Amino acid sequence: MALDSTPATKPAARPRKARGEGQWALGHREPLNPNERIKKDDNPLNVRARIENIYAHTGFAGIDPQDLRGRFRWWGLYTQRKAGIDGGRTAVLEPHELEDEYFMLRVRIDGGTLDLAQLRTIAEISAEFGRDSADITDRQNIQLHWIRIEDMPEIWRRLEAVGLQTTEACGDCPRVVLGSPVAGVSPAEVVDPTWAIDEILRRYIGDPRYSNLPRKFKTSISWLADTPHEVNDIALLGVVHPVHGPGFDLWVGGGLSTNPRLAERLGVWVPLEEIPDVWEGIVGIFRDYGYRRLRNRARLKFLLADWGVEKFREVLEKEYLGRALLDGPAPELPAKPIDHIGVHKQRDGRNYVGAAPVVGRSSGTQLGRLADLVAAHGSDRVRLTPYQKLLVLDIADDQVEPLVQGLRGIGLEARPSAWRRGTMACTGIEYCKLAIVETKARGEELVARMEERLREFDADISIHINGCPNACARTQVADIGLKGMLVMNQHGEQVEGFQVHLGGALGMAQGQTAGFGRKLRGLKATAEELPGYVERVARHYLAGRTDGE
Ligand code: SF4
């Protein structure tokens with residue numbers, strides 16, 4: 001008999017009702033936080049009409065704060081950080097004190113594909129409305145700055161005239177779809193999945209059924225492992241099934257930020273024509289079962305962590321697809337990330353040329369010159385990469401060298417140093433309201449300093465500079481990942497600096513596996529010390545590396 005010290009007179013405790021996570025499928029339809037309230041009160045897609053009909057005429061002062069800081073993001077618009085506010089004040093000021101009356105505007109470029117009319121249009125908009133700003137992001141978008149609300153109707157008119165959009169470029173919705181920058185041209189590609197990307201855009205982007213998700217939803221669809229597929233909510237990667245032939249391996253639940261988690265394979269094989277339906281099923285699971293109570297637990301990765309892949313697959317098959325999926329093999333992963341920099345053969349015998357700006361920073365002027373150069377060398381196709389770089393496709397053999405020289409002349413390097421090739425930086429304090437430190441200018445300075453001190457460095461190295469813990473430039477999956485924070489310098493003063501994560505990786509095979517860099521607790525470098533620190537790590541690596549490493 002079990003001993004029980006509970007006095008017989010005390011009533012049995014009532015089982016405590018489990019606290020809901022705000023999952024719609026379990027009946028929690030009432031908003032549990034202000035973000036959910038904003039989405040419920042009015043579908044954020046509706047804000048476009050208000051921008052065109054009201055705010056473009058009233059100007060910044062007339063914008064409803066719930067639209068300004070909430071729904072605008074569904075159309076790619078974020079308020080820009082006011083100049084001159086240091087990172088120490090980021091966490092203490094109210095949003096309205098941090099923001100400027102200008103906007104960052106994200107143009108979604110799904111699969112990174114641009115034709116010359118599109119490239120020229122972005123260049124013109126940048127020059128005319130964005131003070132010549134244009135950053136290539138690590139999600140194959142182009143981000144403009146200094147945009148005024150008054151100019152948005154004209155900007156949309158121009159973008160949409162050439163088939164570009166800002167619809168759901170930000171916000172709690174399906175964002176830009178990453179794709180291989182060499183889709184359709186690579187000799188190594190077995191199936192070009194561009195059709196599936198286009199079909200997802202056509203069917204579901206801007207669709208109110210999927211515009212109120214618990215949080216952002218990131219997708220990658222590529223035959224080659226040349227996108228960072230493991231950090232997406234859903235990723236499809238090419239694989240050949242021994243019986244059914246070429247198709248795609250499905251991964252779910254990846255994401256970085258402050259609780260990083262790599263995506264996991266569901267173990268299923270998806271043929272090209274079924275990708276849009278499977279994608280819709282997974283977005284449906286996220287919409288209905290995703291956690292909506294706490295913003296920092298609202299990504300799909302938290303649901304997957306609680307359910308596990310078996311339950312996730314079962315719910316997908318039974319409740320959303322109404323059929324079983326086929327088991328599939330794991331894809332082969334490359335020995336190291338594929339960034340496509342340099343000159344490479346296409347399957348039609350022509351060439352593509354991958355070139356590097358520095359930390360993704362470009363300008364309307366540079367993009368306009370790039371369009372001229374691309375046309376002059378017989379091409380009309382450019383691709384952006386998820387490493388903040390770009391490719392020019394369809395170059396004949398005799399045009400390769402002239403193009404490489406031409407690109408160099410406009411600040412794009414097809415034979416970059418390891419430093420320029422491997423360094424990325426997020427938006428940082430120049431424009432981002434969440435930032436604690438400067439990133440782009442620091443990245444440019446770091447690349448210049450390292451090229452000066454260690455130009456001969458011959459190994460691949462990735463350095464990802466982030467302005468805060470949100471890890472937009474993938475802090476945890478770089479050789480040297482840098483998380484912006486305030487640190488003490490040698491004089492005991494608080495200055496901009498970084499926490500260092502060492503040894504992260506993605507998409508690896510041959511003995512290495514994808515994983516997060518080790519956060520070195522004690523290791524923080526002031527921004528000033530950073531070049532010296534990176535140089536020491538690099539020299540240490542060179543001195544200690546084994547043959548062939
Ligand atoms: Fe802004 Fe932080 Fe993202 Fe950088 S990592 S863009 S600072 S939110």
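In which sense do β12 and strand β13 pair, and over how many bridges? The two strands, β13 being residues 351-355, run antiparallel to each other and share 4 bridges; strands are DSSP runs of E with at least two residues, and helices runs of H or I with at least four, numbered from the N terminus. Two strands count as paired if DSSP finds at least two bridges between them. Within this pair, Val-343 has Val-353 of β13 as its bridge partner.

The model described here is predicted, so local features need pLDDT of at least 70 and side-chain atom pairs pLDDT 80 or more, while totals for chains, interfaces and linings use all residues. Residue numbers start from 1 along each chain as its sequence is written.

The wider picture is an open sheet of 5 strands in the order β3-β15-β16-β13-β12, with antiparallel pairing. Because β3 (113-115) and β12 (342-345) each have a single partner strand, they stand at the edges, and one side of each is left without a neighbour in the sheet. On average, neighbouring strands are turned by 25° against each other, direction ignored. Helix α5 (residues 116-129) packs on this sheet, touching β3 and β15 (381-384).

Next comes a residue in a loop of the sheet. Gln-388 lies between β15 and β16 (390-395). Gln-388 is buried, because 27 other C-beta atoms lie within 10 Å (20 or more make a residue buried, 12 or fewer exposed, and values in between partly exposed, with C-beta atoms placed from the backbone). The C-alpha atoms of Gln-388 and Met-450 are separated by 19 Å, with the two residues 62 apart along the chain.

Notes. Axes fitted to C-alpha atoms, helices over the stretch in contact; angles between N-to-C directions. Contact = placed C-beta atoms within 7 Å.
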